[in-house]
Amino acid sequence: MGKLRVGVVGAGWGQLQIEAFQRVRGLEVTALCDVDAARAGELAKQYQIDRTFVEYRDLLADAAIDLVSVASPPDLHESMARAAIDAGKAVLCEKPLALDARAARGLLDCAQARGIVHAVDFEMRFLPALAYCKELIDEEYLGRLLRVDVTMAMERPWGVHGHWAADDARGGGVLMEVGANFIDILRWWFGDVSAVLANRRTHFPTIRVARPKGAPGDGFENRRVTGDDAFWSVLQFARGGEALVSFVTGARHDPGWTISAYGDSGSLVVNSGQLIGRRDGDREMAILPIPKRLELGDNPRDPLMWSMARLAERVAAKMNDTRSPLVFPDFGDGVAVAQIVDAIRRASDERAWVNVA
Ligand SMILES: NC(=O)c1ccc[n+]([C@@H]2O[C@H](COP(=O)([O-])OP(=O)(O)OC[C@H]3O[C@@H](n4cnc5c(N)ncnc54)[C@H](O)[C@@H]3O)[C@@H](O)[C@H]2O)c1
């Protein structure tokens, strides 16, 4: 069987995607689009990609492309993914699928009506410790879930990531950008979320950043940040148990993230990729060895890139055979996460519990 040809739109995070796709046996990246032609050209040369475009519709018009990866800023996902579906391409869209659940739902409907393969890049599901937790939770390791705590603390204030990432209206902010990945993991492990309580904050409403090279001035400029750079939320799961999710940026020393899940017969804690656990009959919390089959490549050592390759492998399998049993996050998951994110935003604005639509 010939290789499936991929066109990537957006050459920021898209670079890591290219590295991932090039490690999947059944895929080849044949086209790259970015409004920054120089950047696209540079990457095309580095990764030996045949064609570059500055206008994504020109990439979509290339009949040879089977799969389009949308890795542009979030406010462009909806229009680009919709155009790709209309062009009959399979679509792998970066998270967030769209700016809100209504728009995400529209994309799911459209993809289903057209019968294309659709995926959302929630690649963290393939990080070995998290993938193994999913198996253990499905095997009732925890028993009845009581509580899961997710904490993430990053040193850089989120606003320094730049214009769209700092802009609430463009899908920026730490909730949409990083929180969404963890919300996907929680939902994948524990099922639907029925209601949320939350508070979003912007601790650093103005950020002083270096001007782009060649720009006039003293080398720095102040930028306004409208996106959240911290939030906490309580998520109630429909089948019982709750999550406390707490994200803060601008914290000293980059402490990283931890997920601790507690049930009435076991506990699981993931910290920096290491999994420890204890269940009835164990003497103490101990490192749980992760099965070899879930391990990722380590040359180069880039777990997210390898996770994305795992996800893309499954998308390719589905494109080659629609009966493939391999599961990957799709637009349905993108919609479900968007519904939770919308509810968190509303709960924070209204300072009240909000049911998830
Ligand atoms: N899954 C993950 O773990 C993960 C990690 C990082 C980023 N992302 C997602 O990837 C997406 C891109 O993020 P990023 O960090 O690369 O942003 P970025 O701003 O660094 O890069 C976006 C790229 O898109 C290009 N672009 C903008 N408008 C375009 C257009 N109309 N046509 C073609 N190209 C255009 C920009 O020139 C830029 O090169 C976001 O949705 C983000 O949430 C996902």
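Reader: Which domains supply the lining of the largest cavity?

Author: In this predicted model, the lining of the largest cavity takes at least three residues from domain 1 (4-124 + 306-329) and at least three from domain 2 (125-297 + 336-355).

Reader: How is such an empty space found, and how many cavities of 30 Å³ or more does the search find here?

Author: The general idea is that a probe the size of a water molecule is rolled over the atoms, and this shows where empty space is left. In this structure, a search of the whole model finds one cavity of 30 Å³ or more, and the volume of the largest cavity is about 90 Å³.

Reader: Which residues should I look for if I want to find the centre of the largest cavity?

Author: Look for Pro96, Leu97, Ala98, Val337 and Ala338, which lie nearest the centre of the largest cavity among the 14 residues that line it. By class, that lining has 10 nonpolar residues, one polar residue and three charged residues.

Reader: Which helices supply at least two residues each to the lining of the largest cavity?

Author: They are helix H7 (174-190) and helix H9 (331-350), and H9 gives the largest share of the lining, with five residues.

Reader: What can be said in the same way about the second largest pocket, beginning with its space?

Author: The second largest pocket holds about 330 Å³ of space. Its lining consists of 16 residues, and those closest to the centre of the pocket are Phe126, Trp188, Leu294, Arg314 and Val327. Helix H6 (128-138) and helix H8 (303-320) are the elements that give two or more residues to this lining.

Reader: How does the lining of the second largest pocket divide by class?

Author: The lining of the second largest pocket has nine nonpolar and seven charged residues, with no polar ones. Domain 1 (4-124 + 306-329) and domain 2 (125-297 + 336-355) each contribute at least three residues to the lining of this pocket.

Reader: Which residues are closest to the ligand?

Author: The closest are Trp13, Asp34, Glu123, Trp164 and Glu177, out of 21 residues that surround the ligand. This shell divides into 11 nonpolar, four polar and six charged residues.

Reader: Where do polar side-chain atoms of glutamate 94 and glutamate 177 lie?

Author: For glutamate 177, a polar side-chain atom lies 2.7 Å from an oxygen atom of the ligand, whereas for glutamate 94 such an atom lies 3.0 Å from a nitrogen atom of the ligand. A polar backbone atom of serine 72 is 3.4 Å from an oxygen atom of the ligand. On its own the ligand has 840 Å² of accessible area, of which the protein covers 77%.

Definitions and conventions:
Residues are numbered from 1 along each chain as its sequence is written. This is a predicted model: local features need pLDDT of at least 70, side-chain atom pairs count only at pLDDT 80 or more; totals for chains, interfaces and linings use all residues. Side-chain values use heavy atoms; hydrogens and water are left out. On a 1 Å grid over the protein atoms alone, a cavity is a set of points where a 1.4 Å probe fits but cannot get out, and a pocket is an open set with protein on both sides within 12 Å along at least five of seven lines; lining residues have an atom within 4 Å of a point. Grid points are joined across faces, edges and corners, and a volume is the space filled by probe spheres set on the points. Helices (H or I, at least four residues) and strands (E, at least two) are DSSP runs, numbered from the N terminus. Ala, Val, Leu, Ile, Met, Phe, Trp, Tyr, Cys and Pro count as nonpolar, Asp, Glu, Lys and Arg as charged, and the others, Gly among them, as polar. Domain bounds come from an automatic or database domain assignment. A residue is near a molecule or strand if one of its heavy atoms lies within 4 Å of it. A polar contact is a pair of N or O atoms within 3.5 Å; within protein, one must be able to donate a hydrogen and the other to accept it, and residues adjacent in sequence count only if both atoms are side-chain atoms. Accessible areas come from the Shrake-Rupley method with a 1.4 Å probe; for residues, only the protein chains shown count as cover.
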